[in-house]
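Me: I should be grateful for a close look at one part of this structure, namely the packing of one helix against another. Please describe the contact in detail and then place it beside a few other local features.

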Amino acid sequence: MSKKVLIVDDSALIRKQLGDILDKAGFDIGFAKNGLEAVEFVEEVDFDVITMDINMPVMDGLTATKKIMETKPTPIIMVSSLTQNEADITIEALEAGAIDYVPKPGTINLNIEETKEEILQKVIMASRLPKNKLYIKKHSYRTKKRVIEKRAVKRSKEFEKIVLIGASTGGPNLIEEILVSLPTDYPYPICVVQHMPANFTASFAKRIDKNAEIEVVEAKANEPLTSGKAIIAKGGYHLHFAKKASGAIVVKLVPNSMKRFFVPSVDEMFLSISKVFDPKRVVAVELTGIGDDGADGMVELRKRGAYTIAESEETAIVYGMPKEAYERGGAVKKLPFPEIVKEIIELPNKK
């Protein structure tokens, strides 16, 4: 039986473009012109995937996403332009349970030919997801006290370990859960590559920073690594590292000269750290995501003595990146996500 996809967009042109792509791929297609129609349609039909526009009349895509995830959780892919406003809303939709996003055809000089492969790949992936793995965000940790506490702690440029985290589809909520779980005085820096385009990573970092005790920033050139600070790789650049004469380790923003598919790339971050920091003091984590980005870098880190962890299939929304890392021999441990959070929190207590 064909998988069912609901395309939600107020533009007849976008509905036709997306419908043609998915129909040719063998999907059974339904259409809705706004969020309210989508919510009502989902109550009647069990869709395998929903593509959701953001700005629509009657009911917008964010509101519709929240309602669907509360009543009938379904894999939702946001169809977003690359404007700052839509980046902010898309990040909020991911918090509400959407699993991914694709660029909207016809925006910022994009056309359907440039985006159809990404759209098709992500819809196919989403159609295979068990609905019981859909991760709905909880917000119980949000308190004013956290924001006040993190400002009072002195950050150090000297530290015993560095934590590196890579993720793709399904990762934003997990990254946030890790970072908001860390205490203000967490003694290590954390660097994160989450596959996101430009504009999205700034919004992502700001939203987490509001809720975390540690400091969370988007990477910028020469940003120093310090204890109790998380650096989110900037969309459109690879996250590399350099060591200053003072001994401080700083961030470099590197163009995609290697023509990697994902920019930023987890592999680039993993492979760069060994040049400036003892790999035996690196903790590398590979979370949910499509493909194999990070697997080769994790293999190299493990060979050099790093402590490497891959998320297990039981919790990974997409068991692609962590599977490749583990099967290639890159992971010392394979753990469900709650155990990974625990490992990171308890690192300072381990010798």
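Reply: In this predicted model, helices α3 and α4 are roughly parallel to each other, because their axes cross at roughly 5° and angles under 35 degrees count as roughly parallel. Helix α3 covers residues 61-71 and helix α4 residues 84-96, and their axes come within 9 Å. On the side of α3, the contact is made by Leu62, Thr65, Lys66 and Met69; α4 contributes Ile89, Glu92, Ala93 and Ala96. By character, the residues of this contact divide into five nonpolar, one polar and two charged.

Another helix, α1 (residues 12-24), belongs to a right-handed β-α-β unit together with strands β1 and β2. Strand β1 spans residues 4-8 and strand β2 residues 28-32; the two pair in the parallel sense over five bridges. Within this pairing, leucine 6 of β1 stands opposite glycine 30 in β2.

A further feature lies in the loop between α7 (171-180) and β7 (190-194), where tyrosine 188 is found. Tyrosine 188 has a relative accessible area of 4% and is therefore buried, the limit for that term being under 20%. Leaving aside neighbours within four places in sequence, tyrosine 188 is in contact with Glu160, Lys161, Thr226, Ser227, Gly228, Lys229, Leu347 and Pro348. One of these, glutamate 160, is 28 residues away from tyrosine 188 in sequence, while the C-alpha atoms of the two are 7.1 Å apart in space.

Note on methods:
Residues are numbered from 1 along each chain as its sequence is written. This is a predicted model: local features need pLDDT of at least 70, side-chain atom pairs count only at pLDDT 80 or more; totals for chains, interfaces and linings use all residues. Side-chain values use heavy atoms; hydrogens and water are left out. Two strands pair if DSSP finds at least two bridges between them. Helices (H or I, at least four residues) and strands (E, at least two) are DSSP runs, numbered from the N terminus. A crossover is right-handed if, with the strands pointing away from the viewer, the path from the first strand over the helix to the second runs clockwise. Axes are lines fitted to C-alpha atoms, for helices over the stretch in contact, and angles run from 0 to 180 degrees between N-to-C directions. Contact means heavy atoms within 4.5 Å. Ala, Val, Leu, Ile, Met, Phe, Trp, Tyr, Cys and Pro count as nonpolar, Asp, Glu, Lys and Arg as charged, and the others, Gly among them, as polar. Buried means under 20% relative accessible area, exposed over 50%, partly exposed in between (1.4 Å probe, protein chains only).
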